[in-house]
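Student: I'm new to this one. Could you pick a single part and walk me through it closely?

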Amino acid sequence: MRLQKTTYVLVALTVAGLTLSGCGRKGDLDRPGSSQPINTKAAPGAVETKDEAPGKPFLLDPLL
């Protein structure tokens, strides 16, 4: 009985961890309601170029 409870807890924690690891967005921090990034590496007044990642197809793209 105790082994079964432990297994359920470990499975639940694993599922929760995998679910939460997919949250978020890669990139600079943005102010709410603004399109200007907070953290910039360029000097003030200079235009910062961003390196765009190449588009790779993903298994779940058709669902989005």
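Tutor: Sure, and keep in mind that this is a predicted model. Start with the outside: the accessible surface of the protein chain is about 6,600 Å², and 63% of that belongs to carbon and sulfur atoms. Just 2% of the chain's 64 residues count as buried. As for folded elements, you'll find 1 helix and 0 strands.

Let's zoom in on that helix, H1, which covers residues 2-21. With 20 residues at 1.5 Å a residue, H1 should span 28 Å, and because its end C-alpha atoms are 28 Å apart, the two values agree. H1 is also hardly covered, as 0 of its 20 residues are buried.

Now follow the chain into the segment after H1, where Phe 58 is found. Phe 58 has a relative accessible area of 54%, and anything over 50% counts as exposed, so Phe 58 is exposed. Phe 58 also joins Leu 59, Leu 60 and Leu 63 in making a nonpolar surface patch of about 510 Å².

Conventions
Residues numbered from 1 in each chain as written. Predicted model: local features only at pLDDT ≥ 70, side-chain atom pairs only at ≥ 80, totals over all residues. Heavy atoms only, no water. Helix = DSSP H or I, 4+ residues; strand = E, 2+ residues; numbered from the N terminus. Buried < 20%, exposed > 50% of the residue type's maximum accessible area, 1.4 Å probe, protein only. Areas by Shrake-Rupley, 256 points an atom, 1.4 Å probe, with all protein chains shown as cover. Expected span 1.5 Å × (residues − 1). Patch = residues over 30% accessible without salt bridge, like charges linked within 9 Å, V, L, I, M, F, W, Y side chains within 5 Å. Salt bridge = Lys/Arg side-chain N within 4 Å of Asp/Glu carboxyl O.
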